[in-house]
Structure formats: structure tokens, C-alpha cells
Amino acid sequence: MRFAYFAFFENVDGSQLAVSKADVETASEIIKLTPGLTTANLYTPEVTKDMYNKDEQSPIFGMQLYFNELTDLEDAMAPTGHLHQLAASGVLSSIRGARGTQQAMYARHFPVDDARLDVEKNGNPCSYVVHYTGPAEDLNVWMHHYVSHHPQVMRTFPGIRKIEVLSRVDWCGFLPWERVNHMQRNRVMFDSPVALQAALQSPARIAMREDFKTFPPFEGGNSHFPMETQIIVPDGR
């Protein structure tokens with residue numbers, strides 16, 4: 001799970017599109033057959049309140065596909081790659097007209113005290129997906145400071161199940177959506193929106209804010225999106 005491919009879709013020009021369950025299921029069936037895929041997440045919007053961040057409009061749909069090798073990721077979205085089925089006519093038709101963006105990134109995974117999920121009991125988990133568009137004044141200094149400090153504070157969130165920090169890479173891909181080059185993305189995951197909400201109102205959230213104040217200079221701000229997370233396991237695993 002060293003590399004991750006992201007695709008996110010959002011409403012534009014006041015549209016109110018919402019992804020259908022049928023489209024999510026179709027995307028799931030396509031993705032689980034992807035050669036070289038290790039696992040994947042499908043994202044749909046949730047609602048939580050943070051004590052510091054403003055409310056933002058979450059993407060209406062998202063995908064995060066993991067691969068052990070960058071070449072496997074690139075093969076999947078080569079000119080005749082398997083994932084071109086996602087852009088075929090009739091697939092994701094409920095969100096046709098939404099703005100689609102995509103990026104491949106390197107994934108850093110950090111330890112948590114208890115990573116166990118009970119989807120049967122709690123339903124799909126909830127991720128808090130964070131985007132830093134950048135740039136940083138000095139990306140090298142920024143990244144070293146961030147990975148050396150912030151995930152360790154994230155670990156203190158009550159009920160946290162996963163922490164990852166993702167940084168950009170050069171990559172080849174031919175899916176039709178707009179390519180973006182965010183300097184960093186993060187994802188933390190919890191059992192449910194209720195568990196995420198509790199974490200965002202906990203003392204750990206105050207500690208996160210204090211650590212944020214120590215960040216090296218950067219531009220572009222950041223965005224935070226609570227997303228229901230359907231975990232896809234490839235066929236045959």
C-alpha cells in the first residue's frame with residue numbers, strides 16, 4: 001500500500017448532484033477487479049462539526065485506490081488500462097457534469113493504538129480527508145516537520161483507527177479527469193461519524209490546533225472533509 005490514486009468529484013456552478021447507490025456499486029465492481037490493487041476506499045459525504053474549521057462542502061464522491069508499486073498504478077490507468085471502465089458512458093452517470101480531479105501520491109502510514117474495525121457492528125467507518133494544495137515556502141522543511149510531529153498528535157485522538165500522510169509523485173495516467181498537484185493529503189479514520197465527531201471535540205483536537213501553529217510557512221490553506229468510507233477488497237483476497 002505504498003502508492004494511492006485519488007479521484008474526487010464535486011458540484012460546480014450551483015449544481016446539486018449526488019452519487020447514486022447503483023453508481024457506487026458499479027464502481028466497486030470495476031475497482032475490485034483491478035490488477036495489482038491491494039485495497040480501495042470509496043467515499044461519500046458525511047457531516048460533522050469541528051471546533052476550529054469552517055463547514056465545507058464535501059466532494060459528492062471519491063475514490064482512493066492503493067497499490068504496492070507505482071507501475072501497477074500506472075498500468076491500471078494506461079491508455080488501455082482497466083480503470084478506463086470508470087469513465088465509460090453510463091458509469092457514474094448520476095454525477096455526470098461534476099468536476100473530477102485526480103492525483104497519484106506516495107502513502108506514509110503511521111501507527112495507532114487500536115486499528116481494529118467492526119463494520120458489521122458499526123457500519124462503514126468515517127474518514128476525515130484533508131487536502132493541502134500548497135505550495136510550502138520550503139517543501140522539504142514542511143514535510144520533515146509535518147511527518148515528525150503531526151501524526152504523533154493525531155494518534156491521541158480517541159478511537160482513531162488509521163493515520164496516513166500522502167505526498168505527491170510524478171506519475172503517468174490517462175483517465176479523463178483534471179490532474180491536480182496538491183502538495184499533501186492526510187486521512188484519519190474512525191468507526192463512525194459519531195466517533196469522528198467525538199474526536200473533533202476532544203482535548204486532542206486542541207493539541208492538534210496548537211501543533212498547527214508550529215507549521216513551517218505554506219500557502220493555499222487546507223480543506224477537511226468527513227467521508228463515509230466503503231472499503232473494497234480485491235476479488236481473490
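Here is a walk through this predicted model, from its first strand to its later helices.

Let's start with strand 1. Of its 8 residues, 7 are buried, so the strand is largely enclosed by the rest of the structure. It has a partner on each of two counts: 7 bridges join strand 1 to strand 3, running antiparallel, and 8 bridges join strand 1 to strand 4 (residues 99–110), again antiparallel. A4 is a handy residue for seeing both pairings. Look across to strand 3 and A4 stands opposite Y66; look to strand 4 and the bridge partner of A4 is M105.

Strand 1 also feeds into the largest nonpolar core, along with helix 1 (21–31), strand 2 (37–45), strand 3 (61–67) and helix 2 (70–76), each of these elements giving two or more residues. That core has 33 residues, and the ones with the most contacts inside it are Y5, F9, I31, F61, M63, L65 and L73. Pick L65 and see what surrounds it: setting aside neighbours within four places in sequence, L65 is in contact with F3, A4, Y5, I31, L37, T39, A40 and L83. There's a second, separate core too, with 26 residues, among them Y132, V188, L196 and F215.

Now for the rings. The structure holds 16 aromatic pairs. One of them is F3 with Y106, an edge-to-face pair at 5.7 Å centre to centre with 70° between the planes. F3 sits in strand 1 and Y106 in strand 4, so this pair ties together parts that are 103 residues apart in sequence. The two partners differ in how much they show: F3 is buried, with a relative accessible area of 11%, while Y106 is partly exposed at 30%.

Another pair is F212 with F218, where the ring centres are 6.3 Å apart and the planes stand at 90°, so this one is edge-to-face as well. Here F212 is partly exposed, with a relative accessible area of 27%, and F218 is partly exposed at 22%. Both rings belong to a cluster that ring pairs build from Y132, W142, Y146, F212, F215 and F218.

F212 brings us to helix 6 (residues 203–212), where A204, R205, M208 and D211 are buried. Seen down the helix axis, those buried residues fall within an arc of 115°, so they line one face of helix 6. And what lies over them? The cover includes helix 4 (139–154) and helix 5 (193–200).

Two charged residues are worth a stop on the way out. R187 lies in strand 8 (residues 184–190) and counts as buried, at 3% relative accessibility. Its side chain makes a polar contact of 3.1 Å with the side chain of Y66, the residue we met opposite A4. Leaving out residues up to four places away in sequence, R187 touches a long list that includes N41, Y43, Q64, S127, Y128, K162, E164 and T229.

E178, in strand 7 (residues 178–179), counts as partly exposed at 39% relative accessibility. A polar contact of 2.9 Å joins the side chains of E178 and R99. Beyond its neighbours within four places in sequence, E178 is in contact with R99, G100, T101 and Q102. Finally, back to where we began: the C-alpha atoms of E178 and A7 are separated by 9.3 Å, although the two residues are 171 apart along the chain.

Key. Residues numbered from 1 in each chain as written. Predicted model: local features only at pLDDT ≥ 70, side-chain atom pairs only at ≥ 80, totals over all residues. Heavy atoms only, no water. Buried < 20%, exposed > 50% of the residue type's maximum accessible area, 1.4 Å probe, protein only. Helix = DSSP H or I, 4+ residues; strand = E, 2+ residues; numbered from the N terminus. Arc of directions from axis to C-beta. Contact = heavy atoms within 4.5 Å. Polar contact = N/O pair within 3.5 Å; in protein donor to acceptor, adjacent residues only side chain to side chain. Core = buried A, V, L, I, M, F, W, Y, C linked by side-chain atoms within 4.5 Å. Pairing = 2+ DSSP bridges. Phe/Tyr/Trp six-rings, centres within 6.5 Å; stacked < 30°, edge-to-face > 60°.
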